[in-house]
Amino acid sequence: MTPVQIDLLTLTTCSAYACVLARFNHRIAPDHTWKSVAVGVGICLGFARLHTTSQPGATWNDHERNMLRSLAVGCIPIVLWQELRRDADHARAWAILKGLATHGEASER
């Protein structure tokens, strides 16, 4: 496999993992967050190993570079999911606050 193919596979796998986390987040957070992080890092490190084994004569420096590369590629879908979830949570909170403010004004009249 070429490095680009491995990166695309890493991105796809981590995107699928982000979807699983989004679906089952209510069962994971906050007690088992460390497990979800460990699995995500393990996925990335597995792909780093795949990078290294696909390079004949790779050195430890190559493996370190591959680890950083896989972690950088793998974190993209997770970070995007977290940001989208945070934005949705903020929008929901603002809607609740607006509803309370509107309800409060109506009850004062």
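**Exercise 1. Which residues are linked with Arg-86 in a network of salt bridges?**

Before we start, keep in mind that this is a predicted model.

Step 1. Look for the network itself: Arg-86 is joined there by Glu-83 and Asp-87.

Step 2. Check one of the contacts. Between Arg-86 and Asp-87, the closest N and O atoms are 3.4 Å apart, and the cut-off for a salt bridge is 4 Å.

Step 3. Ask how open these two residues are. Arg-86 has 40% relative accessibility and counts as partly exposed. Asp-87, at 42%, is partly exposed too.

Step 4. Put the network in context: the whole structure holds five salt bridges.

**Exercise 2. Find the salt bridge of Asp-7 and work out which parts of the chain it ties together.**

Step 1. The partner of Asp-7 is Arg-69, and the N to O distance between their side chains is 2.6 Å.

Step 2. Place both residues. Asp-7 belongs to helix 1 and Arg-69 to helix 3, which covers residues 60–108, so this pair ties together parts that are 62 residues apart in sequence.

Step 3. Now judge the surroundings. Buried means under 20% relative accessible area, and Asp-7 has 13%, so Asp-7 counts as buried. Arg-69, with 33%, is partly exposed.

**Exercise 3. Locate Arg-92 and describe its salt bridge with Asp-89.**

Step 1. The closest N and O atoms of Arg-92 and Asp-89 are 3.0 Å apart.

Step 2. Both residues sit in helix 3, with a spacing of three residues, or about one turn of the helix.

Step 3. Recall the geometry behind that spacing: an α-helix has 3.6 residues a turn, so residues three or four places apart point the same way.

Step 4. Add the exposure of the acid: Asp-89 is partly exposed, at 34% relative accessible area.

**Exercise 4. Compare the expected span of helix 1 with the distance between its ends, then do the same for helix 2.**

Step 1. Helix 1 runs over residues 3–28, which makes 26 residues. At 1.5 Å a residue, a straight helix would reach 38 Å, but the end C-alpha atoms of helix 1 are only 32 Å apart.

Step 2. Look for a bend. Helix 1 has a kink of about 50 degrees, centred on Ala-22.

Step 3. Turn to helix 2. Its 21 residues should span 30 Å, and its end C-alpha atoms are 30 Å apart, so the two values agree.

Step 4. List some buried positions. In helix 1 they include Ile-6, Thr-10, Cys-14, Tyr-17 and Leu-21. In helix 2, Ser-36, Gly-40, Ile-43 and Phe-47 are among them.

**Exercise 5. Describe the largest pocket: its volume, its lining and the helices that build it.**

Step 1. Start with the volume, which is about 290 Å³.

Step 2. Pick out the residues around its centre. There are 19 lining residues, and the closest to the centre of the pocket are Tyr-17, Leu-21, Ser-36, Val-37 and Ile-78.

Step 3. Assign the lining to elements. Helix 1, helix 2 (33–53) and helix 3 each give two or more residues. Helix 3 supplies the largest share, with seven residues.

Step 4. Sort the lining by class: 12 residues are nonpolar, six are polar and one is charged.

**Exercise 6. Place Pro-77 and Ile-76, and see how far each lies from a residue of helix 1.**

Step 1. Pro-77 is part of helix 3, and so is Ile-76.

Step 2. Compare exposure. Pro-77 is buried, at 9% relative accessibility, whereas Ile-76, at 44%, is partly exposed.

Step 3. Take the distances between C-alpha atoms. Pro-77 and Cys-14 are 6.4 Å apart in space, although 63 residues separate them in sequence. For Ile-76 and Tyr-17, which are 59 residues apart along the chain, the separation is 12 Å.

Terms used. Residues are numbered from 1 along each chain as its sequence is written. This is a predicted model: local features need pLDDT of at least 70, side-chain atom pairs count only at pLDDT 80 or more; totals for chains, interfaces and linings use all residues. Side-chain values use heavy atoms; hydrogens and water are left out. Helices (H or I, at least four residues) and strands (E, at least two) are DSSP runs, numbered from the N terminus. The expected span of a helix is 1.5 Å times one less than its number of residues. The bend at a residue is the angle between axes fitted to the seven residues ending there and the seven starting there. Buried means under 20% relative accessible area, exposed over 50%, partly exposed in between (1.4 Å probe, protein chains only). On a 1 Å grid over the protein atoms alone, a cavity is a set of points where a 1.4 Å probe fits but cannot get out, and a pocket is an open set with protein on both sides within 12 Å along at least five of seven lines; lining residues have an atom within 4 Å of a point. Grid points are joined across faces, edges and corners, and a volume is the space filled by probe spheres set on the points. Ala, Val, Leu, Ile, Met, Phe, Trp, Tyr, Cys and Pro count as nonpolar, Asp, Glu, Lys and Arg as charged, and the others, Gly among them, as polar.
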